[in-house]
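Got the viewer open? Here is a short walk through the model, one selection at a time.

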Amino acid sequence: MSRLSLTRTGSSAYQSGYLRSQQWHWRRRRWFRDRRAAGFEPACQVCGVSLEDAGTLDLHHVSYDGVVENPDGSWTAREADEDLMPLCRDHHQAVHRIMDRKRDFHGWDRRRATLVIVAFLRAKWEKK
Ligand SMILES: [Zn+2]
Ligand SMILES: [Zn+2]
């Protein structure tokens, strides 16, 4: 079992494997379904566009702790609900542009970097 919690963008196995896996597909669906079942409409954490209005939202991994690569190459999706963050496609890409390229964030915990970047983008958005 290998853990990906320390990697920022994820390994290539994560990018090409996990994000295309059935496990992630179902985990993602379950996350949105559970939020709605709890009476909460998922919305981008930067601009606030709702799932209903956007049609689709991405789920950003605040932490990779629940992503487990099994010895046989299969994946187990055990992300805690709070380890996944809804973002519209534009703002998800914006988060990654900053997180993945800015040297300032190298060595940072992924959760902390995510929260700082989202707060920064939200402040910028609200000023518009
Ligand atoms: Zn957004
Ligand atoms: Zn992401």
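**Stop one: zinc ion (ligand 1)**

Start by selecting the zinc ion (ligand 1), whose donor residues follow the sequence spacing C-x2-C-x40-C-x2-H. Keep in mind as you click around that this is a predicted model. Show the side chains of Cys44, Cys47, Cys88 and His91: the three cysteines bind through SG and the histidine through ND1, at 2.0 to 2.4 Å. Check the angles among the four donor atoms and you'll get 97 to 118°, so the site is tetrahedral.

Now colour by secondary structure. Cysteine 47 sits in the loop between helix H2 (22-37) and helix H3 (51-54), while cysteine 88 is in the loop between strand E5 (84-87) and helix H4 (89-101), so this pair ties together parts 41 residues apart in sequence. Turn on the surface, too: cysteine 47 is partly exposed at 22% relative accessible area, whereas cysteine 88 counts as buried at 11%.

**Stop two: zinc ion (ligand 2)**

Next, select the zinc ion (ligand 2). Which residues coordinate this ion? His60 does so through ND1, and His92 and His96 through NE2, at 2.0 to 2.1 Å. Along the chain, these donors are spaced H-x31-H-x3-H. Histidine 60 belongs to strand E2 (residues 58-61) and histidine 96 to helix H4, a link between distant parts of the chain, 36 residues apart. Is histidine 60 buried or exposed? Buried, with a relative accessible area of 1%.

**Stop three: the salt bridges**

The count here comes to seven salt bridges. Pick aspartate 81 and arginine 27, whose closest N and O atoms are 2.7 Å apart. Aspartate 81 is in the loop between strand E4 (75-77) and E5, and arginine 27 is in helix H2, 54 residues away in sequence. Arginine 27 is buried at 3%, but aspartate 81 is partly exposed at 28%.

Move on to arginine 111 and aspartate 83, bridged at 2.9 Å, N to O. This pair also links distant parts of the chain: arginine 111 in helix H5 (residues 110-127) and aspartate 83 in the loop between E4 and E5, 28 residues apart. Aspartate 83 is buried at 7%, and arginine 111 is partly exposed at 31%.

Then select Arg27, Arg35, Glu79 and Asp81 together, since salt bridges with shared partners join them into one network. Zoom in on arginine 35 in helix H2, which is buried at 17%. Beyond its neighbours within four places in sequence, arginine 35 contacts Phe40, Pro42 and Asp81.

Key:
Residues are numbered from 1 along each chain as its sequence is written. Chains are lettered from A and ligands numbered from 1 in the order in which they are written. This is a predicted model: local features need pLDDT of at least 70, side-chain atom pairs count only at pLDDT 80 or more; totals for chains, interfaces and linings use all residues. Side-chain values use heavy atoms; hydrogens and water are left out. Donors are N, O and S atoms within 2.8 Å of the metal (3.2 Å for Na, K and Ca); water is not among the atoms, so sites may look incomplete. Four donors count as tetrahedral if all angles lie between 85 and 135 degrees; four count as square planar and six as octahedral if opposite donors are over 155 degrees apart and all others between 65 and 115; anything else is irregular. Helices (H or I, at least four residues) and strands (E, at least two) are DSSP runs, numbered from the N terminus. Buried means under 20% relative accessible area, exposed over 50%, partly exposed in between (1.4 Å probe, protein chains only). Contact means heavy atoms within 4.5 Å. A salt bridge is a side-chain nitrogen of Lys or Arg within 4 Å of a carboxyl oxygen of Asp or Glu.
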